[in-house]
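User: I'm new to this structure and would like a close look at a single part of it. Could you pick one spot, walk me through it, and then show me how the rest fits around it?

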There are 2 protein chains.
Amino acid sequence: MSDADFRPEARAPRGFSDKRAGDLRVERRILDAVSKVYERWGFEALDTGAFEYADALGKFLPDSDRPNEGVFALQDDDEQWMALRYDLTAPLARFAAENWETLPKPFRRYAFGPVWRNEKPGPGRYRQFIQCDADTVGSARPEADAELIAMGAEGFEAAGLRRGDYLFKVNSRKLLNGLLAAAGVESQGQKLGVLRAVDKLDRLGMDGVRLLLGEGRKDESGAFTKGAGLNGKAVEAVLAFVQIGAGRGDTLSRLSDVVGGSAEGAEGLEELGRIETALAGLGVGADRAVFDPSIVRGLEYYTGAVFEADLLLETTDEKGNAVRFGSVASGGRYDDLVARFTGQPIPATGISFGVSRLAAALRAAGHNPVETARGPVVVIAFDQDQMTAYFAAAAELRAAGIPAEVYLGSSGMRPQMKYADRRMAPAAVIMGGDEIAAGTVTIKDLDLGRALSSQVADNEAWRAERPGQMTVPRDQMVAAIAQIIEAASREPKP
Amino acid sequence: MSDADFRPEARAPRGFSDKRAGDLRVERRILDAVSKVYERWGFEALDTGAFEYADALGKFLPDSDRPNEGVFALQDDDEQWMALRYDLTAPLARFAAENWETLPKPFRRYAFGPVWRNEKPGPGRYRQFIQCDADTVGSARPEADAELIAMGAEGFEAAGLRRGDYLFKVNSRKLLNGLLAAAGVESQGQKLGVLRAVDKLDRLGMDGVRLLLGEGRKDESGAFTKGAGLNGKAVEAVLAFVQIGAGRGDTLSRLSDVVGGSAEGAEGLEELGRIETALAGLGVGADRAVFDPSIVRGLEYYTGAVFEADLLLETTDEKGNAVRFGSVASGGRYDDLVARFTGQPIPATGISFGVSRLAAALRAAGHNPVETARGPVVVIAFDQDQMTAYFAAAAELRAAGIPAEVYLGSSGMRPQMKYADRRMAPAAVIMGGDEIAAGTVTIKDLDLGRALSSQVADNEAWRAERPGQMTVPRDQMVAAIAQIIEAASREPKP
């Protein structure tokens, strides 16, 4: 087979998806609404490139079993390893370290864009997705954490979630660290094991976590996961801690009984107290944010406050089964990430959400039903010698703000009408020789056609005012089509 | 040195840049304006992933001296080679081939997003940039080409260029092919050599192109570029063709004398004639689009009409030297790109522009001066015990649509004022214990401060109405700040 005869298969790479107009419209509306909120809170936009040097990215992904530790990496022609960013935090840390001298401090930035993870692809598991982050670099104040939570809540509501749909759960790594220190656990490996174990509470329940805090756990398949190796007393202390229960001032009081004894625990508690005061000042009540010691977040780099926003709605999958939606945003304080570069400690805190996940949450909440993708008016190419008249009609509609196009394929009338219907055109415009001679146009109401094939058309009154097809003077074309579009907006929903 | 002591250098990879808020604002405004135009013309949004399989991308980049033929490629863990897209056309061809059966035909889509080229990085030469494309797949009609030109022009104007700033230059590959066929040149390699030679007309002039059409050319450095190897008569025929001159009907008449003799030339000429008619019908006159046989475009995959939009403005660089801006958009017909996958011929045509380049064109045109990046109002953290009052003030401003933040660093008054100034805050809000007790706030007009340090402040009348600092009742804070912002919008420009 010669090279010219080679035919590649047309397929997207595994784990990468194509997004069509409907999904993109929802995504862009979310990003636009959230960006406006972030800018109103004084955060400025930043966009870094897709690549970072591999050493700058660091190795912070929990999934380290994959090639290149879960990232897409390649070697540049100067032999340096570069990798596609796996989140927006690592590039921010690099940017902040690189430009620290000249930035206004604290540096408040937001960013959105694709991130890439070299995970095992599977159904619904994508290797590229859009994240949207806001971070404050250079402020050690707990108020900076509180602000991200309040702003995140405002962002959710701007995007379409309602109060009561979501709840922020806040904790501090310092509490657990303090508790472990008091129990004599100092090894970094053990501490990380405790975090990983507690992070699985949702999935494994208290008994599963107890095993993972101790010697280890064998799952249904018989595979054994080594535990953090705590002694029995420490295990029970951790379990008592995570079960303290969610709340505001009440939770902080109960926490002080458990972790007040260590210096780091006391520090974490004091910080949560200041977050509580700031949240109250920002008008964020217990219906939007609570403290919950069971939240630890999996990422290793968090050093203080951690938080996530959970969707409270009961959601169901396509088969009607109840589905735990889980978190729609998360974040926390990472005081050491910029110092990796500079050696100089620079406190930082951030919040992040996945845009597709928030779109799915909005869908699940039912407040933001997928809009019918409204297509353009299609001017039928009826007579090849009249293309100029068709272009003029389409231009006139566009000038009136109505999306419109001339059919540019090579098919006859019937496929053209089918095309217009598939594009979800509100109307088709037909101008044959007779119409042009008489100075008229024929307009076909395609919304009506679609409605007739659904149940809606039982509404007689609505049907009576929509004739389906009409011939109007050419100079009334725009008005007639505007009326069809307006009528469609009043259409009774099925 | 232990791993924990390792400090990576904070730097973006070579050829990748960080974009700050000012540039992003311009880019987003362009994409938003152009997207609205494209949707009004009936084009639907599509977003494909960053990666394609390398065989799907093909090898169409002119720069084949680089590793992986100018793309960033890596091998997936199933051994398949993937590469980051180098344009938005190749992914569209793959998507169209993959989904052809279920797409409305013709398929009209627009897309924007980053593309990556593994070029030699250098000052101002980036390896990632944003493209914005619109394509019609499944229409062989020359009207589809004309429409992209008319829509591109409307997009430019929506983005901020004015009529007269730009000019589309249109040609057809078929003319040159016909002319070469008539001269007995049939080899693909020679034809490609002719395209590459003519494409350098701007840079090398007629004499340089003459050498490249013939045996070859030695440049100033002594390096020799092999020519297309045409005989003398064919060389002169090509040169006569490219010098026919730009215009509309007049150019087409002159072209018919030169290329009418071959079947492919006649076909190209007939297609340009239909483009001429359609452009006229779409109201695009010779002030916005002309035919120009010297335009060939470097990309190998074009099969028919090709076009580019040139910036007509005299532009100057920072040193005041005149600069040829060159093309701000380009495109053409690529009838074989989808057939690479399917074997089935599917005609297609597209237009593409680089967003940074259009932003630079707008800057050069001077119609879209870089906006002053207006920052948030900064509420000074004067008294640590009053943070709640500060958060409430910021929230009140935001609720009124005024971006605002509380200073969250740890510095004193003077650095806080400096921070507010660097953020380009219109005002700073100061609430000390006295003010809070008296129910007032002190507002510092930072715009005035900045104006005083420029020449503008000579305007006495304007200065008189701006007191610089004022103390107002707390419940008049929002109104007072709104007034400062409004006054700034009337500020005489330096």
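Analyst: Let's start with strand E12 (residues 305-311) of chain B, which runs antiparallel to strand E15 (residues 327-333) of chain B and is joined to it by five bridges. If you want a place to put your finger, try Ala309(B): it stands opposite Ala329(B) in E15(B). Keep in mind that this is a predicted model.

Now zoom out a little. E12 and E15 belong to an open sheet of eight strands in chain B, with the order E2-E6-E7-E16-E15-E12-E8-E11 and mixed pairing. The edges are strand E2 (44-45) and strand E11 (289-291) of chain B, each of which pairs on one side only. Lying across part of this sheet is helix H4 (residues 142-159) of chain B. The strands it crosses are strand E7 (128-137), strand E8 (166-172), E11, E12, E15 and strand E16 (348-354) of chain B, and H4 runs at about 20 degrees to E16(B).

Chain B also pairs strands with its partner. Strand E1 (residues 44-47) of chain A and strand E1 (residues 19-20) of chain B pair in the antiparallel sense, over two bridges. Here Leu46(A) has Arg20(B) as its bridge partner in E1(B).

That pairing is part of a wider meeting of the chains: 76 residues of chain A are in contact with 76 residues of chain B. On chain A's side, helix H13 (residues 387-399) of chain A gives the largest share, six residues. Sorted by type, chain A's side has 37 nonpolar, 15 polar and 24 charged residues.

How do the two chains relate? Chain A superposes on chain B (RMSD 0.1 Å) after a rotation of 180 degrees with 0.0 Å of shift along its axis. That's the relation of a two-fold axis. In chain A, the C-alpha nearest this axis belongs to Leu74(A), at 3.2 Å. Both copies use the same surface, too, with 100% of the contact residues of chain A recurring in chain B.

One last stop, over in chain A: helix H9 (residues 249-259), whose buried residues are Thr251(A), Leu255(A) and Val259(A). Those three cover an arc of only 50 degrees around the axis, so they sit on the same side of H9(A). Their cover includes helix H5 (173-182), helix H10 (263-281) and strand E10 (289-291) of chain A. Turn to the face of H9(A) pointing away from the buried side, and you'll find the exposed residues Gly249(A), Ser253(A) and Asp257(A).

How values were computed
Residues numbered from 1 in each chain as written. Chains lettered and ligands numbered in written order. Predicted model: local features only at pLDDT ≥ 70, side-chain atom pairs only at ≥ 80, totals over all residues. Contact = placed C-beta atoms within 7 Å. Helix = DSSP H or I, 4+ residues; strand = E, 2+ residues; numbered from the N terminus. Nonpolar A, V, L, I, M, F, W, Y, C, P; charged D, E, K, R; others polar. Pairing = 2+ DSSP bridges. Axes fitted to C-alpha atoms, helices over the stretch in contact; angles between N-to-C directions. Buried ≥ 20, exposed ≤ 12 C-beta atoms within 10 Å, placed from the backbone. Arc of directions from axis to C-beta. Least-squares fit on C-alpha atoms with pLDDT ≥ 70 in both.
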